[in-house]
Amino acid sequence: MEQKDPILKGKYPAKSHCARVAEHLATHLAERNKQIPTTSIIYLEGQKTILQEDNDEPQPFRQRRSFFYLSGCALSDCHLTYNISTSTLTLFIPPLDPDTVIWSGLPLLPKDALDQYDIDECLTTSDLPSHLSRLSEQDPTPTLYTKTETSTSLSSVLADLPTDSSMLHPVIDECRVVKDPYEIALIRHANDISTRAHIAVLRAIPTAKNEQDLEATFIASCISSGAKEQAYSGIFGSGENAATLHYQGNNQSLSGRQNLLVDAGAEWSCYCSDVTRTMPLRGTFSRESRAIYTLVQEMQSASFALLRAGVSWESLHLRAHEVAIAGLLQLGILRNGSPDELLQERISVAFFPHGLGHYLGMDTHDTGGKPDHGDPDGMFRYLRIRGEVPEGSVVTVEPGVYFCRFIVEPYLKDERTRRFVDEGVLERYWEVGGVRIEDDVLVTKDGYENLTTAPKGIEEMERIIGGGE
């Protein structure tokens, strides 16, 4: 699938990321009444090749995200240094190994790496020890900023250099929250691929027999579009399986079930998409499923209406719960309480137990959200973002309503909460399973831009399942 944004024809902006991290390091040091040392070096090691246990095959490779952020390099067994004082980024790649060439062909060579990556120089990893040693010759007190994962083969060299391994990790995580145009283009392209795959699933529903048939359809579509990696293990939950938030079975028969919840997204050049759609397996939604789907649409629309730079994420989450309560009252599932009373009793948590969304980037649950899993308030305990969301961040907005027996039934047995739920009405909704709608959204100064274009309108999805365009 062709990349639409012309910015992606250029190099990944590794040096600007390095400069951003260096600036934030200096800011954090200033907050401690310290200055960044005259000679300061950022050093990172990429992910190594790791063999499977008792096997000569490698484990699936996934580049360390901090390393990719500062290099744009997805090769294994690499290292980098960034000299803050000279703004020099050096990439170290494995040297040519004739034995490996026999099996795998020629690797990337230093001259090719200079053309491919936004770096100043490229050496081989055999040059790294001497490169680091020269730093101490040029300045007797250089400071190396690194993370905890460093090669044991370099431990003797690193031991001779003043090293700070506490600041770099949180600073990079902080920098990753706000995306630059190149990163946004990568996320948008990953979404375009995922949109094509979600449409393929809709078209395959009439002939599919099992959840795994539709998972295979999704993955095949992504691969044919050039995305060989998934951003995460996809969820393809039919019927009551859709009530399990991170259902992983993906192997049950579709027979007799109303809906399919698909939470799946492609990865493109180490950047993620995260898209959820709930689809009618019988071609059209039942009355109960349509009612819940419409309610979740209203929850998402109400969240979008508040979304802009500087908004408190808690306020969006709270608004989604208020809409959920109003809708569940109207359907008769909730009763015997005003909206305010039901909110105070946290009854909606039984049906909407997770947070509204999370940051998205190189990780599906991206860095910088500062969650508080110890929050005593169950409505906010699972929020993956706390506080204000900044301009330029990418968030998921993913409200849902679920009928999970494990979560709901304790509320029905509790004398304090059972009076708020009409079990007779609820009985009609267990087969709905769960409905979630999730889009990936760029936060702007005055609002947002939705990067996800996968169909989510009821009539549009039903038309595609029925063979329409």
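Here a student and a tutor talk through a predicted model of a protein, question by question.

Student: Let's start with the big picture. How many helices and strands are there in the protein?
Tutor: Both kinds of element turn up here. Going through the chain, you'd count 15 helices, and the strands come to 16.

Student: What radius of gyration does the protein have, and what would a compact globule have?
Tutor: Start from the chain length, which is 469 residues. A compact globule with that many residues would come out near 23 Å, and the protein agrees with this because its own value is 25 Å.

Student: What share of the residues is buried?
Tutor: A residue counts as buried when its relative accessible area is under 20%. Apply that to the 469 residues of the protein, and the buried share is 52%.

Student: And what about the outside: how much area does the protein expose?
Tutor: Carbon and sulfur atoms supply 50% of the exposed area. The whole exposed area of the protein is about 20500 Å².

Student: How many positive and negative side chains does the protein have, and how far apart are the centres of the two sets?
Tutor: The positive side chains number 44 and the negative ones 67. Take the centre of each set, and the distance between the two centres is 5 Å.

Student: Now for a sheet. In what order do the strands of the open sheet of six strands stand?
Tutor: Let's build it up from the pairs. S1 (residues 40-45) joins S2 through five antiparallel bridges, and S2 (residues 79-83) pairs with S3 in the antiparallel sense, again over five bridges. S3 then pairs with S4 (residues 121-124) in the parallel sense over four bridges. With mixed pairing overall, the full order is S4-S3-S2-S1-S5-S6.

Student: Which strands have one side left without a neighbour in that sheet, and why?
Tutor: Look at the ends of the order S4-S3-S2-S1-S5-S6. A strand standing at an edge has a single partner strand, so one of its sides has no neighbour in the sheet; that goes for S4 and S6 (163-164).

Student: Which residues are bridge partners across these strands? Start with the one opposite Glu45 in S2.
Tutor: Let's walk across the sheet. Asn83 has Thr88 as its bridge partner in S3, and Ile93 has Thr124 as its partner in S4. As for Glu45, the residue opposite in S2 is His79.

Student: Which residue takes a positive phi in the hairpin of S2 and S3?
Tutor: This hairpin has four residues between its strands. The positive phi there is near 55°, and the residue is Ser87.

Student: Is strand S3 mostly covered or mostly open?
Tutor: S3 spans residues 88-93. Five of its six residues are buried, which makes the strand mostly covered.

Student: Which residues of strand S7 are buried on each face?
Tutor: In a regular strand, side chains alternate between the two faces of the sheet. S7 covers residues 235-238, and four antiparallel bridges join S7 to S8 (residues 259-264), with Ile235 opposite Asp263. Both faces of S7 are covered: Ile235 and Gly237 are buried on one side, and on the other Phe236 and Ser238.

Student: Let's zoom in on His17. Is it buried or exposed?
Tutor: His17 sits in helix H1 (residues 14-31). Among the residues touched by His17 are Tyr12, Tyr69 and Tyr271. The relative accessibility of His17 is 2%, so the residue counts as buried.

Student: What phi does Cys270 have?
Tutor: First, find Cys270 in the loop between S9 (267-268) and S10 (271-272). Cys270 counts as buried because its relative accessibility is 8%. Phi is positive here, in a residue other than glycine, and its value is near 75°.

Student: Where is Arg346, and what is its phi?
Tutor: Look in the loop between helix H12 (339-344) and strand S12 (394-397). Arg346 is partly exposed, with a relative accessible area of 21%. Its phi is positive too, near 60°.

Student: Last one: how far apart in space are Ser301 and Cys18?
Tutor: Ser301 belongs to helix H10 (residues 287-306) and is partly exposed, at 44% relative accessible area. Along the sequence, Ser301 and Cys18 are 283 residues apart. In space, C-alpha to C-alpha, the distance is 37 Å.

Key
Residues numbered from 1 in each chain as written. Predicted model: local features only at pLDDT ≥ 70, side-chain atom pairs only at ≥ 80, totals over all residues. Heavy atoms only, no water. Buried < 20%, exposed > 50% of the residue type's maximum accessible area, 1.4 Å probe, protein only. Helix = DSSP H or I, 4+ residues; strand = E, 2+ residues; numbered from the N terminus. Pairing = 2+ DSSP bridges. Contact = heavy atoms within 4.5 Å. Rg over C-alpha atoms; globule rule 2.2 N^0.38 Å. Areas by Shrake-Rupley, 256 points an atom, 1.4 Å probe, with all protein chains shown as cover. Lys, Arg positive; Asp, Glu negative; His and termini not counted. Charge placed at Lys NZ, Arg CZ, Asp CG, Glu CD. Lists of a residue's contacts leave out its neighbours within four places in sequence.
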